[in-house]
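Colleague: Got a minute to walk me through this one? I'd like to start with the pocket lining and then go wherever it leads.

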Amino acid sequence: MGLLLFAFNVTYLAARVASDCPGSPNMLPIYGDEPKLVQSVSKGKLYSIDHGKGKELRILHVYGTPYEMGKAQAQIFSSEIVNMLTAFEQYLEDQIEPYIKWLPKDIQEIILKDGPTAALQWEVDLTRKYIPQRYFDEIKGLADGLNGTISYDALLRFHLFPELIKASCSMFGAWGPALANSTEHHTQDSSGHSFYYYNLINLDTLNQLRALDWGLDNPLINYSVVVVYHPEKGDGHPFASVTWTGFIGSVTSYGGYVGVSEKVWLSYNLSDSRAGVPFHFIIRDLAQYDITIADALNRIYNNRRTCSIHLGIGSSHDSVFRAVEYSHEEVIVYDDFNYPAYEPAHPLLKGVVFINKHAQPSNDVCMGSLMERFYGNLTAETTIRYVLGNTASGDMHATFYEYSTNTLYVSIAGQKISASGQPVEGLAPAHARPWFRLDMNKLFSLHL
């Protein structure tokens, strides 16, 4: 394909990034070692990549029927799920007020009169007939695995919380000319400044970012886990959900074929309905069952949708990414030609669709400037170090899907880590912490 010169002066770049963006580059390690087995039960295995305090990622594998997978998770995380649910219920009571204005009027009235638990039960009653039976079976498995310490009804209510609380997030999909699958080359100009260029080898790839911004005061940051599902033959394919112990829905899912990003759609002004399939179950289904963009869009079109969100959907089969405005009334699909462009905050770039963490349309120029600056090199390392680091997006967790190698990169909020790699006092957002590289070919093929 010839030689693509992607060159920039490092000193100049650092100065420009600092002026445009709120964050700074993340130069902490990206760990890629093999996960080690920690614990196993009849239908589940817990692994860990552990580099010391504050530098650990847990990976849970569950197998079998939905009931068996739910029970296995509860058996491994029994006390942790109890602690998580207790802490989260209190958080919801204390923190629901800022979210109320974004909710439909009938939910607002229930919360103000009877509290968020009553609103969650109302959500359960409205969605029950639309939720596939397999999700009830998996929650029943959770309840049985906890041996009655948390009731089935309480677990079911908990699983409706994403319909109440909105998160500000970032995403992008990059393919074709936006990527350079190449070896990095270094050179210097006559003044001694470093430059980089890349030899472009293959355009047929796709990379995708999903950054979840939901605040460091959320107790769920203490319960992060990557769950790798191995369903029975005929029930889709293995997939991963970056989630929290005891939560079987997904707001961040990757199945090798299809990966999903999500963020709140605050500017939506048509009607909402909670009588439908909760969006976090549809996100999980996209990763578990679908292969192409067409498969994913058909699932979205043909399900009864509830609240309004932005989705980002990538497909390894198609090597493209689509942004979706998803709501009860409509579905609008965007690609790299028809996404609304407004300079300088949101330029149109061939092979790129991105949405920053602010309410859309956004006049914040940071992410748009980074998309332009790193166009042709939107790789995992560039994104982790310079895009997320500088946008300061992805406080609760952040993921990067590298479809060409079936690799999942993950970072989670937690202990602050110094530049020398040592834990220090305080919490740090995911975008400013070490990352972990997971070979999903190995994880999806791991047998019980």
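Modeller: Sure, and one bit of wording before the pocket: Ala, Val, Leu, Ile, Met, Phe, Trp, Tyr, Cys and Pro count as nonpolar, Asp, Glu, Lys and Arg as charged, and the others, Gly among them, as polar. Also keep in mind that this is a predicted model.

Colleague: OK, so how do the residues lining the second largest pocket divide into nonpolar, polar and charged?

Modeller: The lining splits into five nonpolar, five polar and four charged residues. The volume of that second largest pocket is about 290 Å³.

Colleague: Which residues are closest to its centre?

Modeller: Of the 14 lining residues, those are Glu-56, Ile-221, Asn-222, Ile-412 and Ala-413. As for elements, E4 and strand E19 (414-417) each give two or more residues to the lining.

Colleague: E4 sits in a sheet, right? What's the strand order there?

Modeller: It's an open sheet of ten strands, in the order E2-E3-E4-E9-E10-E11-E12-E13-E14-E15, with mixed pairing. Strand E2 (36-41) and strand E15 (331-334) are the edge strands, each pairing on one side only.

Colleague: And how many bridges between E4 and E9?

Modeller: Six, with E4 (residues 56-64) and E9 (residues 224-231) paired in the parallel sense. Leu-60 has Val-227 in E9 as its bridge partner. Helix H2 (residues 66-76) packs on this sheet, touching E2, strand E3 (44-50), E4, E9 and strand E10 (239-244). The direction of H2 makes about 145° with that of E4.

Colleague: What about the other end, E14 and E15: parallel or antiparallel?

Modeller: Antiparallel, over four bridges, with E14 covering residues 320-326. A hairpin of four residues joins E14 to E15, and Ala-323 stands opposite Tyr-334 in E15.

Colleague: Switching topic: how many disulfides does the count come to?

Modeller: One. It joins Cys-21 to Cys-366, at 2.1 Å from S to S. The link is right-handed, with 105° about the S-S bond.

Colleague: Where do the two cysteines sit?

Modeller: Cys-21 is in the loop between helix H1 (10-20) and strand E1 (30-31), while Cys-366 is in helix H11 (residues 366-373). The pair links distant parts of the chain, 345 residues apart.

Colleague: Which strands does H11 lie across?

Modeller: Strand E5 (168-175), strand E8 (206-213) and E16, running at about 160° to E16. Those strands belong to an open sheet of seven, in the order E1-E21-E18-E17-E8-E5-E16, with mixed pairing.

Colleague: Why is one side of E1 and of E16 left without a neighbour in that sheet?

Modeller: E1 and strand E16 (352-355) stand at the edges with a single partner strand each, so one side of each has no neighbour in the sheet. E1 runs parallel to strand E21 (residues 435-439), joined by two bridges, and Ile-30 stands opposite Trp-435 in E21.

Colleague: Last topic, backbone oddities. Which peptide bonds are cis?

Modeller: Glu-343 to Pro-344 is cis, with omega about 0°, and Pro-344 lies in the loop between E15 and E16. Gln-360 to Pro-361 is cis too, with omega near -5°; Pro-361 lies in the loop between E16 and H11.

Colleague: And what's phi at Asn-147?

Modeller: Near 55°, a positive value in a residue other than glycine. Most residues other than glycine have a negative phi. Asn-147 is in the loop between helix H7 (133-145) and helix H8 (152-158).

Note on methods
Residues numbered from 1 in each chain as written. Predicted model: local features only at pLDDT ≥ 70, side-chain atom pairs only at ≥ 80, totals over all residues. Heavy atoms only, no water. Pairing = 2+ DSSP bridges. Contact = heavy atoms within 4.5 Å. Axes fitted to C-alpha atoms, helices over the stretch in contact; angles between N-to-C directions. 1 Å grid on protein atoms, 1.4 Å probe; cavity = no way out; pocket = protein on both sides within 12 Å on 5 of 7 lines; lining within 4 Å. Points joined across faces, edges and corners; volume = space filled by probe spheres on them. Disulfide = S-S within 2.5 Å.
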